[in-house]
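Subject: The structure, and what turned up in it

Hi,

Here is the structure I promised to pass on. Have a look at it first, and then read my notes underneath.

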Amino acid sequence: MSSTRVLVLNSGSSSVKYQLLDMRDHSRLAVGLVERIGEETSRLRHTQADGAAREWDGPVADHEAALKCMAAELAKDGLGLDSPELAAIGHRVVHGGKRFTEPTVVDDAVLAEIERLIPVAPLHNPANLTGIRTARALRPDLPQVAVFDTAFHTTMPESAARYAIDVETADAHRVRRYGFHGTSHAYVSRETAKLLGRTPEEVNVIVLHLGNGASASAVRGGRCVDTSMGLTPLEGLVMGTRSGDMDPAVIFHLMRVGGMSADEIDDLLNKRSGLIGLCGDNDMREIRRRMDDGDERARLAFDIYIHRLKKYIGAYYAVLGRVDAVVFTAGVGENAAPVREAAVAGLEGMGLAVDADLNAVRGDGARLISPPSARVAVAVVPTDEEMEIATQTYALVIGSGNLT
């Protein structure tokens, strides 16, 4: 029996998301989430291939218990972790630094390096490590593959990746721009080329990943040459709760004048800024509803969000020199037609335009929303980070001969 299934795990600090995929036809056999791990009442939601769902509430003490709950649910559907059809487990790892430029089969040395990167990803890498270690304990015979959010951006030239600070200090503390959402940017840029009927090597694309976290990338011929997030996911666009770009001296000002500690400022910029800091909401649907009711704070938050987005479109147009497509993806990018319209409005001189009727159509698939006469295509391409992780994982284990 051939091994064609890949289990994708995304381990957060208090949750585990999982998908089981069959790589023969890229079908989803099961999708699930275990959340509120370690709390008094945890929750598991498991959805089968036919859409039928099961929910379970109860105590889940830690990630090991969470993965055992997941394994039990999969077993109920005849998809247990002991199945000979399971080829590998692919793990999302947020930070891979400069070393990890490709998906990597996990061994002790890889685990040690991911752990060494914790100082630059303190919120994410520890949880990712816990998921990997737990999965290795459950299936020590199975290839475990780490797929890094930062990997797609390692093709950035030094002129884009380096900050203009003292080189020795930067190198000593690994301070540089790494970028994130890499699996999304890789998948979406490739699917955009397919939508245009061309190969990735032929097209230049600006990808706008707009969710609660948001990032932009400039992709030339399938390779990232610039991206908006930096050392951490805080830099760049206005996000749901993150500030994005800001004068670094604001931090010193808040310390000296506001009497705030480093931890308090960290909390402010990551959890109480962005849209929620500007207007008290980080849901674009609610912000639009409030705008329709004449709420000026919501209007200002929206305008600031769009202003930053336009700046990045223009900047990455300049970086690429020639742009074949601007593409919107992720929750806001895929669903908020007013955001897409506003982001492109006024950029007709750059060859960008949105067709109002096409933009208003809701759909699950990749689609063009620019008029046929537009010099630069504007598109909506749904992201699929789990499929990208599964694809990279499966390709690696096949190529390395590690199939079970």
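Below are my notes on one sheet and one pocket.

Before anything else, please keep in mind that this is a predicted model.

Let's start with the sheet. It is open and has six strands, in the order β11-β10-β9-β12-β14-β13, with mixed pairing. If you want to find its edges, look for β11 and β13 (367-368), each of which pairs on one side only. Helix α11 (residues 296-320) packs on this sheet and touches β9, β10 and β11. The direction of α11 makes about 160° with that of β9.

I spent most of my time on β9, so here is what surrounds that strand. On one side there is β10: β9 (residues 204-210) and β10 (residues 214-220) pair in the antiparallel sense, over seven bridges. A hairpin of three residues joins β9 to β10. Two pairs are handy for finding your way along these strands: Leu210 stands opposite Ala214, and Leu208 stands opposite Ala216. The other pairing to look at is with β12 (residues 325-329), which runs parallel to β9 over five bridges. There, Val205 has Ala325 as its bridge partner.

How many of the residues of β9 are buried? Seven of the seven are, so the strand is largely enclosed by the rest of the structure. Both of its faces are covered. Asn204, Ile206, Leu208 and Leu210 are buried on one side, while Val205, Val207 and His209 are buried on the other.

Now for the pocket, which is the second largest, with a volume of about 460 Å³. It is lined by 22 residues, and the closest to its centre are Glu102, Phe152, Ala186, Gly222 and Gln392. Colour those five and you should find the place quickly.

Which elements supply at least two residues each to that lining? They are β8 (144-148), α6 (182-195), β11 (223-227) and α15 (385-399). Of the contributors, α6 gives the most, with five residues. β11 links the two halves of this email, as it supplies residues to the lining and is also an edge strand of the sheet.

As for the chemistry of the lining, the residues divide into eight nonpolar, nine polar and five charged. Glu102, which I mentioned among the residues closest to the centre, is a good place to begin looking.

That's what I have for now. Shout if anything is unclear.

Cheers

Terms used: Residues are numbered from 1 along each chain as its sequence is written. This is a predicted model: local features need pLDDT of at least 70, side-chain atom pairs count only at pLDDT 80 or more; totals for chains, interfaces and linings use all residues. Side-chain values use heavy atoms; hydrogens and water are left out. On a 1 Å grid over the protein atoms alone, a cavity is a set of points where a 1.4 Å probe fits but cannot get out, and a pocket is an open set with protein on both sides within 12 Å along at least five of seven lines; lining residues have an atom within 4 Å of a point. Grid points are joined across faces, edges and corners, and a volume is the space filled by probe spheres set on the points. Helices (H or I, at least four residues) and strands (E, at least two) are DSSP runs, numbered from the N terminus. Ala, Val, Leu, Ile, Met, Phe, Trp, Tyr, Cys and Pro count as nonpolar, Asp, Glu, Lys and Arg as charged, and the others, Gly among them, as polar. Two strands pair if DSSP finds at least two bridges between them. Contact means heavy atoms within 4.5 Å. Axes are lines fitted to C-alpha atoms, for helices over the stretch in contact, and angles run from 0 to 180 degrees between N-to-C directions. Buried means under 20% relative accessible area, exposed over 50%, partly exposed in between (1.4 Å probe, protein chains only).
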